[in-house]
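I opened this notebook to record, entry by entry, what I looked up in one structure. Each entry begins with a topic and then sets out what I found.

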Amino acid sequence: MTDTQDRPLRVAVVGSGPSGFYAAEHLQKKHPGVEVDMFDRLPTPYGLVRGGVAPDHPKIKSVTRVYDRIAAQPGFRFLGNVNVGHDISHAELHAHYDAVVYTVGAQTDRALGIPGEGLRGSHAATEFVGWYNGHPDFRDFAPDLSVEAAAVIGVGNVAMDVARILASRTADLAATDLAGHALDALDAGRVRTIYVFGRRGPVQAAFTNPELREFGELPDADVVVDPRDLELDPLSAAELASAEDRTAEKNLATLREYAARPLQGRPRRIVLRFLTSPVEILGTGRVEGIRVVRNALVDDGKGGIRAVATGETEVLPVGLVFRSVGYKGVAVPGLPFDERAGTIPNAAGRVLAAPGAAETLPGVYVAGWIKRGPSGVIGTNKPCAVESAEQLLADHAAGRLPAPTGDQAALDRLLAGRGVRVVSFADWQALDRLEVERGKAAGRPRLKFTRIDEMLEALK
Ligand code: NAP
């Protein structure tokens, strides 16, 4: 133990997604002997790696092997099925640790703010993603897949995941860990046309090239791109010429290939449309169509390019709308929150007393999407978490961390006294084995538990 005190440094990490694990890893590396208790409101770890990453991207999911090594380090405990802010308050939690790091991600989504958004059949893409990934919050989501056409709003990688899952063959999805209830529903579904709308042009699209190329590899789907969308205006041409990486250039080449490809007469169709914004979701009681407007691009005066409506509108018959215009963070009870940004205000990971305040809350940190907003890939969270963990260690070295009043045993007693069934990492590993076994019996790589009750029952 490298501590100057007679006890180890004790840190609570709230949230077991990538940034939580990377924060724990850095503390373990830089402060041998540290005790990390990682909390999650679900009985299962890994955050969006389990509940967000598309099931047909198993390579990305294999990062959990790295997290398992972190969890196996001495001094690490997983406390699943503990909802911080509900089962235990922030103040109560902090009283048992030298420091608390919140890595709770961005748990809700942004709205479009257009008429008809509340109609039945109009959903957040994140709900659909949670549903097909077996996240317990979305177990009963049940989208109506009996419709012929769906619209996905936004051209980020989440939009690509949603469109691709809708356009995939069930037989191919059965080879993934897509949730059993979702596989059955998709198999029975009738969605044949999937529109994907980008409000700006192809050069400004947020998706990355591998995701775009995956569309072209779907055996059951034609990809439709209007060559008119690929004619670059002068602003886009200039942006492309000065781009720092080659993503937009590669995307444009792939889109040109799709535009030139004759239709193969496949049963499904992904129609990618750029310079198009939804203005109204139409229907009586439920979604029956979407009114979209053609946009033009203008200089926003701040070095960026903005879409403005031209007045050229069109109505497309769709029975489902998935808005995929970004995730948004949710406030943690007892901590300051920046409503506009959807983040906990912080300076390099140290939580501020209030948005815009100079002073910090001693011993409280954030990392990942709740710190910087919902951007970047899994790996982006590593440097982000390292930065926050470094602030924590510097504060510890400088004697700036408030001393806890309770210890591990007191924390465990508090939770037990409230009837909280804490799920350990060994419990999770048992669930993991059961999921794989259930999968084997069904000819699937894994059959996820999708209800918390079911998980706790299986652990009995
Ligand atoms: P994102 O990448 O930020 O994309 C959001 C999209 O929504 C953009 O196309 C944006 O267009 C559009 N948008 C925003 N407001 C809109 C509005 N009012 N009307 C129409 N369009 C609107 O977000 P995301 O797709 O949710 O992904 C979040 C992060 O996770 C990203 O960093 C993403 O790369 C990552 N991710 C990665 C993978 C992967 O690696 N395979 C998979 C999933 C997610 P503008 O550009 O015009 O604002």
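**Entry 1. An exposed residue and a long separation**

I began with Ala-241, which is exposed because its relative accessible area is 72%, above the 50% that the term requires. I then placed Ala-241 in helix α11, which covers residues 234-241. I also looked up how far Ala-241 is from Arg-438: their C-alpha atoms are separated by 52 Å, and the two residues are 197 apart along the chain. I note here that the model is a predicted one.

**Entry 2. The ligand and its surroundings**

How many residues surround the ligand? I found 20, and the closest are Val-158, Arg-199, Arg-200, Glu-211 and Gly-376. By class, this shell holds nine nonpolar, seven polar and four charged residues. Helix α7, residues 157-167, gives the largest share of the shell, with three residues.

I next asked where the ligand lies with respect to the domains. Domain 1 (10-107 + 329-423) and domain 2 (108-327) both contribute residues to the shell, so the ligand lies between them.

I then looked up individual polar atoms beside the ligand. An N or O atom in the side chain of Arg-199 is 2.7 Å from an oxygen atom of the ligand. For Val-155, a backbone N or O atom lies 3.1 Å from a ligand oxygen atom. A nitrogen atom of the ligand lies 2.7 Å from a polar side-chain atom of Glu-211. As for cover, the ligand has 920 Å² of accessible area on its own, and the protein covers 77% of that area.

**Entry 3. Salt bridges**

Side chains of opposite charge can pair when their charged atoms come close. My search of the whole structure returned 31 salt bridges. I examined three pairs.

The first pair I examined is within helix α7, the helix already noted for its share of the ligand shell. Asp-161 forms a salt bridge with Arg-164, and their closest N and O atoms are 3.2 Å apart. Both residues lie in helix α7, three residues apart, which is about one turn of the helix. An α-helix has 3.6 residues a turn, so residues three or four places apart point the same way. Are these two partners buried or exposed? Asp-161 counts as buried because its relative accessibility is 11%, and Arg-164 counts as buried at 2%; the limit for the term is under 20%.

The next pair is Arg-400 and Asp-395, a salt bridge whose closest N and O atoms are 2.8 Å apart. Arg-400 is partly exposed, with 46% relative accessibility, whereas Asp-395 is buried, with 6%.

The last pair is Arg-446 and Asp-432, with closest N and O atoms 2.7 Å apart. Arg-446 lies in the loop between α16 (425-441) and α17 (452-458), while Asp-432 is in helix α16, so this salt bridge ties together parts that are 14 residues apart in sequence. Arg-446 counts as buried at 18% relative accessibility, whereas Asp-432 is partly exposed at 23%. I also found that salt bridges with shared partners join Arg-50, Asp-432, Glu-435 and Arg-446 into one network.

**Entry 4. Residues with a positive phi**

Most residues other than glycine have a negative phi. I therefore looked up residues that depart from this pattern.

Tyr-46 is not a glycine, yet its phi is positive, about 90°. Tyr-46 is placed in the loop between β2 (35-39) and α2 (48-51). Tyr-46 is buried, because its relative accessibility is 7%.

Leu-275, also a residue other than glycine, has a positive phi near 55°. Leu-275 is found in the loop between β10 (268-273) and β11 (276-282). With a relative accessible area of 12%, Leu-275 is buried.

**Entry 5. An enclosed helix**

Why is helix α6 described as largely enclosed by the rest of the structure? Helix α6 covers residues 125-132, and seven of its eight residues are buried, so the description follows. The buried residues are Ala-125, Thr-126, Phe-128, Val-129, Gly-130, Trp-131 and Tyr-132. After α6 comes Gly-134, which has a positive phi near 75°.

Conventions
Residues numbered from 1 in each chain as written. Predicted model: local features only at pLDDT ≥ 70, side-chain atom pairs only at ≥ 80, totals over all residues. Heavy atoms only, no water. Near = heavy atom within 4 Å. Polar contact = N/O pair within 3.5 Å; in protein donor to acceptor, adjacent residues only side chain to side chain. Areas by Shrake-Rupley, 256 points an atom, 1.4 Å probe, with all protein chains shown as cover. Helix = DSSP H or I, 4+ residues; strand = E, 2+ residues; numbered from the N terminus. Nonpolar A, V, L, I, M, F, W, Y, C, P; charged D, E, K, R; others polar. Domains from an automatic or database assignment. Salt bridge = Lys/Arg side-chain N within 4 Å of Asp/Glu carboxyl O. Buried < 20%, exposed > 50% of the residue type's maximum accessible area, 1.4 Å probe, protein only.
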